[in-house]
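Welcome! Have a look at the chain below, and then let us walk through some of its local features together.

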Amino acid sequence: MNLKKWLVNKIIKGMIHIIMKVDDRDLVKVPQSGPLLMVANHVNFLDAPVIITHLHPRPTTGLVKKETWDKPFLAFLFNIWEGIPIDRDIADFSAFKAAMVALKEGKILAVAPEGTRSQTGVLNEGKPGIAMLALKAGVPIMPMAYYGHEDFPQRIKRLQRTAITIRVGEAFGLTIDKLPKDKAVLQAITDELMIEIARLLPEQYHGVYAGRLDEDHHYLVPLNGS
């Protein structure tokens with residue numbers, strides 16, 4: 001085990017539990033081995049530290065905006081966490097290749113299809129890049145959602161602990177047969193993934209996916225056979 005990573009995760013997790021009440025009971029659903037593409041909503045800066053430290057020692061990485069490395073402390077953390085820098089302004093094929101390598105090594109790859117923080121916890125439209133990644137990777141996909149910590153900045157100013165809930169859904173595979181992987185299909189796959197995230201969230205967070213939770217899936221297939 002990497003001693004530095006173990007120590008950093010222990011310290012960060014301890015700090016998180018001082019300022020937050022974390023309901024992480026659903027994390028028992030996460031497989032303890034094998035590659036996994038975890039798709040989640042993105043609320044604020046707390047998402048990555050919470051999930052990485054609470055999944056430890058399960059090897060977990062993620063796509064992280066390249067600007068994160070402009071800040072020394074964050075660069076230190078995400079180097080230890082083996083974050084994959086991504087340029088969100090271009091089709092970043094180097095980040096894509098690094099993500100494939102991480103999955104081949106049996107890691108969890110955490111990706112936020114929205115591409116940016118919502119700050120409010122309300123879902124924005126997912127971007128089709130996640131569908132390309134999922135199709136190429138061919139690994140199980142598991143939706144995850146966080147909520148309750150969107151008001152963290154206000155609560156910490158009042159010296160109040162913030163409650164965060166982590167919800168985990170069932171694992172899916174993808175089936176696309178011989179359909180062309182055009183932008184419409186990629187967006188449809190992305191929307192199905194986002195709907196699964198929405199199903200894990202209370203109604204007030206559904207955002208652009210409000211009213212769509214009953215839609216049938218055409219591309220996602222539950223791996224448990226249901």
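P57 sits in the loop that runs between α2 and β3. In this predicted model, the peptide bond leading from H56 into P57 is cis, and its omega is near 15 degrees. Most peptide bonds are trans, and most residues other than glycine have a negative phi. That general habit makes a good yardstick for the next two residues as well.

Q119 has a phi near 70 degrees, a positive value in a residue other than glycine. You can find Q119 in the loop between β5 and α5, the helix of residues 129–137. Q119 counts as partly exposed because its relative accessibility is 45%. L159 is not a glycine either, yet its phi is positive, at about 60 degrees. The loop that holds L159 joins α6 (152–157) and β7 (162–168). With a relative accessibility of 79%, L159 counts as exposed.

**Covered parts**

How many of the nine residues of helix α2 are buried? Eight of them are, so this helix, spanning residues 47–55, is mostly covered. The buried residues of α2 are D47, P49, V50, I51, I52, T53, H54 and L55.

Another covered spot is found in helix α7, which spans residues 183–199 and includes E196. Is E196 buried or exposed? E196 is buried, because its relative accessible area is 9%, and the cut-off for buried is under 20%. Setting aside neighbours within four places in sequence, the contacts of E196 are P143, F172, H217 and L220.

Helix α7 also holds A188. A188 counts as partly exposed because its relative accessibility is 26%. Along the sequence, A188 and G126 are 62 residues apart, while in space their C-alpha atoms are 9.9 Å apart.

**Salt bridges**

Now for the charged side chains. How many salt bridges does the structure hold? There are 11, and the table shows three of them, including one between R25 and D23.

| Salt bridge | N to O distance |
|---|---|
| R25 and D23 | 2.8 Å |
| E82 and K107 | 3.3 Å |
| R155 and D151 | 2.9 Å |

Let us take these pairs in turn. R25 is placed in the loop between β1 (20–23) and β2 (36–40). R25 counts as exposed because its relative accessibility is 64%, whereas its partner D23 has 22% and counts as partly exposed. You can also place R25 by its distance from K4: the two are 21 residues apart along the chain, and their C-alpha atoms are separated by 26 Å.

The side chains of E82 and K107 meet in the second salt bridge of the table. This pair links distant parts of the chain, 25 residues apart: E82 belongs to the loop between α3 (72–80) and β4 (84–86), and K107 to the loop between α4 (93–104) and β5 (108–111). E82, with 39% relative accessibility, counts as partly exposed, whereas K107, with 12%, counts as buried.

In the third pair, R155 meets D151. R155 has a relative accessibility of 27% and counts as partly exposed; D151, at 24%, is also partly exposed. Which residues are joined into one network by salt bridges that share partners? They are K5, E82, E105 and K107.

**Patches on the surface**

Two surface patches round off the tour. In one, positive charge gathers through K65, K71, R88, R117 and K127. K65 is part of strand β3, which covers residues 60–65. The relative accessibility of K65 is 31%, which means that K65 counts as partly exposed.

The other patch is nonpolar and has an area of about 510 Å². Its members are L3, W6, L7, I11 and M15. To locate M15, look in helix α1, residues 3–19. M15 counts as partly exposed because its relative accessibility is 47%, and the cut-off for exposed is over 50%.

Terms used: Residues are numbered from 1 along each chain as its sequence is written. This is a predicted model: local features need pLDDT of at least 70, side-chain atom pairs count only at pLDDT 80 or more; totals for chains, interfaces and linings use all residues. Side-chain values use heavy atoms; hydrogens and water are left out. Helices (H or I, at least four residues) and strands (E, at least two) are DSSP runs, numbered from the N terminus. Buried means under 20% relative accessible area, exposed over 50%, partly exposed in between (1.4 Å probe, protein chains only). Contact means heavy atoms within 4.5 Å. A salt bridge is a side-chain nitrogen of Lys or Arg within 4 Å of a carboxyl oxygen of Asp or Glu. Patches are made of residues with over 30% relative accessible area and no salt bridge: like charges are joined within 9 Å, nonpolar side chains (Val, Leu, Ile, Met, Phe, Trp, Tyr) within 5 Å. Accessible areas come from the Shrake-Rupley method with a 1.4 Å probe; for residues, only the protein chains shown count as cover. Lys and Arg count as positive and Asp and Glu as negative; His and the chain ends are not counted. The place of a charge is taken as NZ of Lys, CZ of Arg, CG of Asp or CD of Glu.
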